[in-house]
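Here is a colleague's note to read beside the model, written for someone meeting such a structure early on. Please keep the structure open while going through the points.

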Amino acid sequence: MEQAEPAGVSKPGNGLPTGVSVQGPMAKGTDDAAGANDFAASSATTLLVMTPESKVTSEHLKRSAYLYVRQSTLRQVLENTESTERQYALRRRALVLGWAQERIVVIDEDQGQSGASVSGREGFQRLVSEVGLGKAGIVMGLEVSRLARNCADWHRLLEICGLTHCLILDEDGLYDPGHYNDRLLLGLKGTMSEAELHVLKARLIGGVLSKAQRGELRTLLPVGLVYDEEGKVILDPDQQVQQSLRVFFSTFERAGSARATVQAFRRDGLKFPNRGPAGTREIGWQALSNRLALATLHNPRYAGAFCYGRSRTWKDAEGNQHTQRLGREKWRFLKQDAHAGYLSWEQFLANEKRLLENYQATAGAVRKAGPAREGPALLQGLALCGKCGHSMTVSYHHRQGKLSPNYECSVEATAKGEEPCQRIPGGSIDEAVGQLLVQSVTPLALEVALNVQSEIQGRLAEAERLRQQQVQRAQYEAERAQLRYMRVDPNNRLVADTLETQWNEKLRLLAEAREECQKQQQLDAAQLTQEQRSKILALAGDFPRVWQDPNTPDRERKRMARLLLEDVTLKREHDISVQVRFKGGATRELHLPLPVPVTISRKTNPEIIAELDRLLEEHSETEIAQILNQRGWHSSMGQPFSRTLIQGLRRTYRIKSRFDRLRAQGLLTARQIEEMIGHQTNRAKYWLKAGVLKVVKLGQHYGYLYLKPTQDELQQMSQRRRNDVANSKSTTHVYEAQ
Ligand SMILES: [Zn+2]
């Protein structure tokens, strides 16, 4: 403000730059009377550079004055009206400095935007471009350095202002960035402003971090946990909320996946609590969603652990904010057993592991304990590698026209691009495990059936308790609404009406809750008596029959195996060891012979090969197949012989074909015959039909080879040919037609 007054005139030598104060006494010394006038005149000319008015030239006034109005946050916009007024007061300064009213441009698009970066601040960008285009004579703002909270932005603006001779005005004074001293001052202001922001932030974060380190930082707690009066984290005293969370965690433990937990909640008509608006202790009830279930399961606070810094936030060059979730080992603070919780830390870790496995199962990596799929492999999801402990995957191949499983430990190997750890043909293993189940299921069956039944009953009772609580709560709320309604002065009609409506609403909710509760009770009872009970009993009593029934689909057999077995560990060494672990801990170990490798198992008895070789001298492949079958011989895979099979064997064992054998014996092809007798094409066939030439058949599907014509036959043919030519051409036609 001081520069706004003509300081040099009213208080000479006081607080003025040195140049002025030196000049004053010098002028005084020469001539007193005239000197006073001179002083006034000369100081006015010297000070022209220094006063704000002198910085403003007609060149500046020809351009516009830009007033940049900004508040960092919306709250400031709403509450800090005083500073807004101060910003608009700058407009009056511009008028005083000589700008015409219509030349003053107000830029206030950036209200409510943080100044920490340019992006998203249209107004600031517009300001910079206007200045750059030389349209601005002056830029005004409250504490101009805060125009840009970021030094790079600020220096860019200063640079451009300097180049385009644009002035800068704030409450402290008027600056010309073209002047070195002013620019230095403005630069410092910008640096200070940025430093101030930095210190402020550091102090805030430091406070937060040191509190977090002590585990004392108050954060927004997930539903089910609250702060008590002393600021300690306790379980929500609301029993219904507590019970819901307990049921949630126990359901997950039983069901094994977030999705199944959600389905169980839906099926049982259970609601999940959620926090009301921040600062209130209201609890709302909503249907459990997959997302909510996952968030709840992943939240370590439920295991009584305090944690801070589970995610990292940063800004990119564009100024957009990004958030990344960090792995547990990268969390900033984690303090176990910091407060009460719903599960132990070990349970939390087990849940995390389970969720990861589920994720990998859906991602196709590990199939352990995934749902039973189609395909006959009995141990799908149950087989573990006896060498490294990983779950084994199933692949199928065709064997004797049937799908046969292979158990493979290839997860690690596939990831590293190596050979599988072990690969075991599964047909015989499945069979052996099936037999084991049939043998041992009788004593087990009852236990399993009882366990299943008691589990179902326990779950139903739990759900029932919760629904009863929901009814109680609705009743309580209805009663409270009634009380409120009763207490209100009947003359206050408007309030009474509202309260009555609320009461009615609560009564309606109560009726709904009761109805829902009854409906579920009936459903539960029906479920247990008919469907479940009969299924369980059928399984217990009829297991061997059901298991061996060829009509039982593979899928059902697998389900039964899963009900009875925990896992099966397979190891291939000098034999295949199969370690079967039943639910409940009992184990059995089986040893199966190694499967005969395909190349060996397919090897046909050498006797057969020799016989084949011998028979080929005399018989066609079809005939040989018939001969071998008549003798009661079978292929290596127990099949009867066929022409194709004989062919395959002949190729595999490189046995000379019948064709080659006959050719070697001197038999001739039709073409060779025709060349020999010098006749037209197809004539060999003619002589064959005429009964002159003789052939040997190669087989049903192949042609024949001609025996070499004897001297006598050759004469016969040439004799008959001469006769034919001597007869008529029509005869030739007859031959042709044939
Ligand atoms: Zn392995």
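**Notes on the model**

1. Leaving aside residues up to four places away in sequence, Leu 270 touches Val 247, Phe 265, Ala 463 and Leu 466, where a contact means that the C-beta atoms of two residues, placed from the backbone, lie within 7 Å. Leu 270 sits in the loop between α12 (258-267) and β8 (272-275), and the C-alpha atoms of Leu 270 and Ser 244, which are 26 residues apart along the chain, are separated by 8.3 Å. Because 22 other C-beta atoms lie within 10 Å, Leu 270 is buried; the term buried asks for 20 or more such atoms within 10 Å, exposed for 12 or fewer, and partly exposed covers what is in between.

2. This is a predicted model, in which local features need pLDDT of at least 70 and side-chain atom pairs count only at pLDDT 80 or more, while totals for chains, interfaces and linings use all residues. Residues are numbered from 1 along each chain as its sequence is written.

3. Taken as a whole, the protein has 27 helices and 22 strands, which are DSSP runs numbered from the N terminus (helices are H or I with at least four residues, strands are E with at least two). Of its 738 residues, 24% count as buried. Among contacts between residues at least 6 apart in sequence, 59% join residues at least 24 apart.

4. One open sheet has 5 strands in the order β2-β1-β3-β4-β5, with mixed pairing, and two strands pair if DSSP finds at least two bridges between them. Its edge strands are β2 (104-107) and β5 (173-175), each of which pairs on one side only. From one strand to the next, the twist averages 20°. Within this sheet, β3 (residues 136-140) and β4 (residues 167-170) pair in the parallel sense over 3 bridges, and the bridge partner of Val 139 in β4 is Ile 168.

5. Another open sheet, of 4 strands, follows the order β14-β18-β19-β20, and here too the pairing is mixed. Why do β14 and β20 each have one side without a neighbour in the sheet? Both β14 (383-385) and β20 (587-592) stand at the edges with a single partner strand each, so one side of each is left without a neighbour. The twist averages 25° from one strand to the next. Strand β19 (residues 576-582) runs antiparallel to β20 and is joined to it by 6 bridges, with Ile 576 opposite Leu 592 in β20.

6. In helix α18 (residues 554-564), the buried residues are Arg 557, Lys 558, Met 560, Ala 561 and Leu 564. They lie on the same side of α18, because they cover an arc of only 160° around the axis, the arc being that of the directions from the helix axis to the C-beta atoms. An α-helix has 3.6 residues a turn, so residues three or four places apart point the same way.

7. Gln 716 belongs to helix α26 (residues 711-726). Is Gln 716 partly exposed or buried? Gln 716 counts as partly exposed, because it has 17 C-beta neighbours inside 10 Å. The C-alpha atoms of Gln 716 and Val 692, 24 residues apart along the chain, are separated by 7.7 Å.

Key:
Axes are lines fitted to C-alpha atoms, for helices over the stretch in contact, and angles run from 0 to 180 degrees between N-to-C directions.
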